[in-house]
Amino acid sequence: MILDLARLLLFPALIAFAGASDLFTMTISNRVSILLVAGFFVMAAASGMPLPAIAAHAGAGLTVLAAAFVCFAMGWVGGGDAKVATATALWFGFDHLLNYLVYASLFGGALTVMLLQFRQWPLPYVLGSQPWLQRLHDRDSGIPYGIALALGALMIYPETEWMKAVDVTRFIG
């Protein structure tokens, strides 16, 4: 039961927190990425994931880390976004990685278009006292891509082996 609760809550809660943190502060704490990575290894061990599967998941994480490092070096993404994408790839492995990246890209494109449009309009006076909205509205600030990463991850997570292993009958009746 505890393992099923962890499968249901650990990753989704951490990734949602990362997205919300990026929305409100334009930063994602290193602690979130560390917890995602540590959580993966704890869950993999608790679930009895074979070592070759853990290695494959680590390979997916390292692949995204290399690509994210290049994107960070080019100034295309923030460091927190790169770390969260890497940690998410670790959870998804190669089986779900492409779908995750497609969803995150689509959500990221939509978010970027919406924020660019939002930044064209004056910020309503009643909202102007909110520091997080002022940051979002600032044309010189970046795009909080952690939101798109989180949405993409939450779209894919129900399809993963983590969720398929949950015994839902324990929670019913």
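This report describes helix packing, aromatic pairs and nonpolar cores in a predicted model.

**Aromatic pairs**

The structure holds 10 aromatic pairs. Two of them involve F11 and are set out below.

| Pair | Centre-to-centre distance | Angle between planes | Class |
|---|---|---|---|
| F11 and W91 | 5.1 Å | 45° | tilted |
| F11 and Y157 | 4.9 Å | 25° | stacked |

The pair of F11 and W91 links distant parts of the chain, with F11 in helix α1, W91 in helix α4 and their positions 80 residues apart. F11 counts as buried because its relative accessibility is 0%, under the 20% cut-off. W91 has a relative accessible area of 0% and is therefore buried too.

In the stacked pair, F11 lies in helix α1 and Y157 in the loop between α6 and α7 (161-164), so the pair ties together parts that are 146 residues apart in sequence. Both partners, F11 and Y157, are buried.

F11, W91 and Y157 also belong to one aromatic cluster, which includes F40, F41, F92, Y100 and W162 as well.

**Nonpolar cores**

The largest nonpolar core has 30 residues, of which F11, L36, F40, W91, F92, Y100 and W162 touch the most other members. Two or more residues of this core come from each of α1, α2 (30-47), α3, α4 and α6. Helix α4 gives the largest share, 10 residues. Apart from this core lies another, of five residues, with L115, L133, L136 and I147 among them.

What is W91 in contact with, leaving aside its neighbours within four places in sequence? The contacts of W91 are L10, F11, L36, G39, F40, M43, H57, Y157, E161 and W162.

**Packing of α3 and α4**

Helix α3 (residues 51-73) packs against α4 at an angle of about 145°, and the two axes are 7 Å apart. The crossing of α3 and α4 is right-handed. On the α3 side, the residues that meet α4 are A56, H57, A58, G59, A60, G61, T63, V64, L65, A68 and F72. On the α4 side, G79, A82, A85, T86, A89, L90, W91, F92, G93, F94 and L97 meet α3. By class, 15 residues of the contact of α3 with α4 are nonpolar, seven are polar and none is charged.

**Helix α6**

Is helix α6 (residues 146-156) largely enclosed or largely open? Eight of the 11 residues of α6 are buried, so the helix is largely enclosed by the rest of the structure. The buried residues of α6 are G146, I147, A148, L149, A150, G152, A153 and I156. These buried residues of α6 pack against α1 (2-25) and α4 (79-118).

**Backbone at M26**

Most residues other than glycine have a negative phi. M26, which is not a glycine, has a positive phi of about 60°. M26 is located in the loop between α1 and α2. With a relative accessible area of 23%, M26 counts as partly exposed, because this value falls between the cut-offs of 20% for buried and 50% for exposed.

Key. Residues are numbered from 1 along each chain as its sequence is written. This is a predicted model: local features need pLDDT of at least 70, side-chain atom pairs count only at pLDDT 80 or more; totals for chains, interfaces and linings use all residues. Side-chain values use heavy atoms; hydrogens and water are left out. Buried means under 20% relative accessible area, exposed over 50%, partly exposed in between (1.4 Å probe, protein chains only). Helices (H or I, at least four residues) and strands (E, at least two) are DSSP runs, numbered from the N terminus. Contact means heavy atoms within 4.5 Å. Rings of Phe, Tyr and Trp (its six-membered ring) pair if their centres lie within 6.5 Å; planes under 30 degrees apart count as stacked, over 60 as edge-to-face and the rest as tilted. Axes are lines fitted to C-alpha atoms, for helices over the stretch in contact, and angles run from 0 to 180 degrees between N-to-C directions. A crossing is left-handed if the near helix is turned anticlockwise from the far one by less than a right angle, and right-handed if clockwise. Ala, Val, Leu, Ile, Met, Phe, Trp, Tyr, Cys and Pro count as nonpolar, Asp, Glu, Lys and Arg as charged, and the others, Gly among them, as polar. A nonpolar core is a set of buried Ala, Val, Leu, Ile, Met, Phe, Trp, Tyr and Cys residues joined through side-chain atoms within 4.5 Å.
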